[in-house]
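Please find below a short note on the structure under review. The points are numbered for ease of reply.

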Amino acid sequence: MARVTYFPRYTTQENVVTNTTLHLFSQINQHSSDRLRAVLSELLGDVEMPLGVNIQQQMRSETSVPDGGIRQEPIHIVIETKVSAGVDADQLLRHCDSFVKRREGNYLLLLTKNPAEDQALEPVRSKVKDIGAIFRNATFEKLCHSLQGLAREHETHLVRVIEDYTAYCAEMDLLPDRRKWLRIVPCGTTFDLNKQWHLYYQPTDRGYSPHEYIGIYNQKAVRLLGRIAAIYDSELDADGQLQLFLVDGQDRPEFRERIGGMILDSKQKIGWDLTSETRFFCAEQFLPTDFKKTSWGGIQGARFWDISEQANIAGTDDQLADLLRQQEWE
C-alpha cells in the first residue's frame, strides 16, 4: 500500500521547498498557535505569536521577493530558503528593506541544508542589527528536530504531517549525510524483543535519514548497538498472507526468520500487529553497550549522534560497543 503524503516530491526547486515548509507551519498553526510558537521559538528565539497569523509565499517588497513570510502585527518573519545555490548576502540585505526599522517583532530566517559561513553573513548581521531586527540561520535538520515531541500520540493528523515533512526533507536531500552516524531510538515495551531478534521496527511512513548504525535506547542510555544489514517492509497480500519486501541491504533467510519471530512474539506478548505497514531494520547482531545520556530527561523520538570517529578507532563492532561504554552523549 502506497503511503499518503502531505508534501510534494520529485523536485528541489526552492519555491517548492518553501511552499512545503510554509504548509507545514500552516498545518501546525491550524492545530495550535502555541505549537507553532514553540517551533518558531526553537528557530528564532522567544517569539510572541499573535492569533490569526498570515502565512504567505513570494511576498514582494520594494526591493526584493522573499521566498515566504509569516505576518501579523507586531510579528513580521521573512523567510529565505537555499537548497543548492549559495547564500546571496545582497538578496538578504534587500529583504531587510521590508522591515519597519526599530520595531520589535522583525525576524529574518534563512533556511539551509548546512550552516552558512559566518563570514558571508557578516554584512547581513550588521544590517539587521542596525535596523533592530533579528537574523537567524537554521538548518532543515534543526527544523525537523524542533518538531520532535510536538504532537501527542492521539493527535494522529499532526503526527502524520510531521512524520511526512521529516520524510520529505530526507528524500529531498535537505538533511546532512548521516550514514556514518548512530541513530538512537527509544524502546521501552519492546526492548527485550528487540534484543532477542536483533532488529528494530517502525511504521513504514515514518521518515528518517540513511544511517549505518542503530542504537536501542532505554533508561538514559543506549543499551544495544547494531550495524544495519537489511531493511524490509511488511504487507499482507490479497489472500491475507504475509509478504516481506527488501528495501535495502542483503536479503537473507535468517533475517526473514527473525522478522517472523518478532511479528509472532509481538502479537502474543504485547498485542501488536506488525504484519503490514511496518519497516524492519535488521542488524547483523545487537551488541550490549552502555552509551550514557548526560543531559536531563529522556528522548521523545529518534536522535542522531556522530560516532564515525569512534568507529574508525574501534575497527570492529564489538570494540565499538566496548568503546561507547566509556563515553557519553547529551
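Among the elements of the protein, which has the lowest mean pLDDT and which the highest?

1. Confidence by element. The model is a predicted one. Strand 1, which covers residues 54–57, has the lowest mean pLDDT among the elements, at 69. The highest mean, 98, belongs to helix 7, formed by residues 191–197.

2. Confidence overall. Averaged over the protein, the pLDDT is 86. A score of at least 70 is reached by 90% of the residues. The mean for strand 1, 69, should be read beside these values.

3. Composition and burial. Ten helices and 14 strands make up the elements of the protein. The protein has 330 residues, and 49% of them count as buried. Its exposed surface comes to about 16,500 Å², of which carbon and sulfur atoms supply 45%.

4. Sequence range of the contacts. Considering contacts in the protein with a separation of 6 or more, 69% are accounted for by residues 24 or more positions apart.

5. Helix 1 and helix 2. How do these two helices lie relative to each other, and at what angle do they cross? Helix 1 spans residues 14–31 and helix 2 residues 33–44; their axes come within 5 Å and cross at roughly 135°. An angle over 145 degrees would count as roughly antiparallel, and one of 65 to 115 as roughly perpendicular; the two helices are therefore oblique to each other. On the side of helix 1, the contact is made by Phe25, Ile28, Asn29 and His31. Helix 2 contributes Ser33, Arg35, Leu36, Val39, Leu40 and Leu43. By class, the residues of this contact divide into six nonpolar, three polar and one charged.

6. Gly68. Is this residue of strand 2 buried or exposed? Gly68 lies in strand 2, which runs over residues 68–72. Gly68 counts as buried because its relative accessibility is 0%, and the cut-off for burial is under 20%. Thr21 is 47 residues from Gly68 in sequence, while the C-alpha to C-alpha distance between the two is 9.3 Å.

7. Gly69. Strand 2 also holds Gly69. With a relative accessibility of 0%, Gly69 therefore counts as buried. Gly69 and Tyr107 are separated by 38 residues in sequence and by 9.6 Å in space, taken from C-alpha to C-alpha.

Conventions: Residues are numbered from 1 along each chain as its sequence is written. This is a predicted model: local features need pLDDT of at least 70, side-chain atom pairs count only at pLDDT 80 or more; totals for chains, interfaces and linings use all residues. Side-chain values use heavy atoms; hydrogens and water are left out. pLDDT is the predictor's confidence in each residue, from 0 to 100. Helices (H or I, at least four residues) and strands (E, at least two) are DSSP runs, numbered from the N terminus. Axes are lines fitted to C-alpha atoms, for helices over the stretch in contact, and angles run from 0 to 180 degrees between N-to-C directions. Angles under 35 degrees count as roughly parallel, over 145 as roughly antiparallel, 65 to 115 as roughly perpendicular and the rest as oblique. Contact means heavy atoms within 4.5 Å. Ala, Val, Leu, Ile, Met, Phe, Trp, Tyr, Cys and Pro count as nonpolar, Asp, Glu, Lys and Arg as charged, and the others, Gly among them, as polar. Buried means under 20% relative accessible area, exposed over 50%, partly exposed in between (1.4 Å probe, protein chains only). Accessible areas come from the Shrake-Rupley method with a 1.4 Å probe; for residues, only the protein chains shown count as cover.
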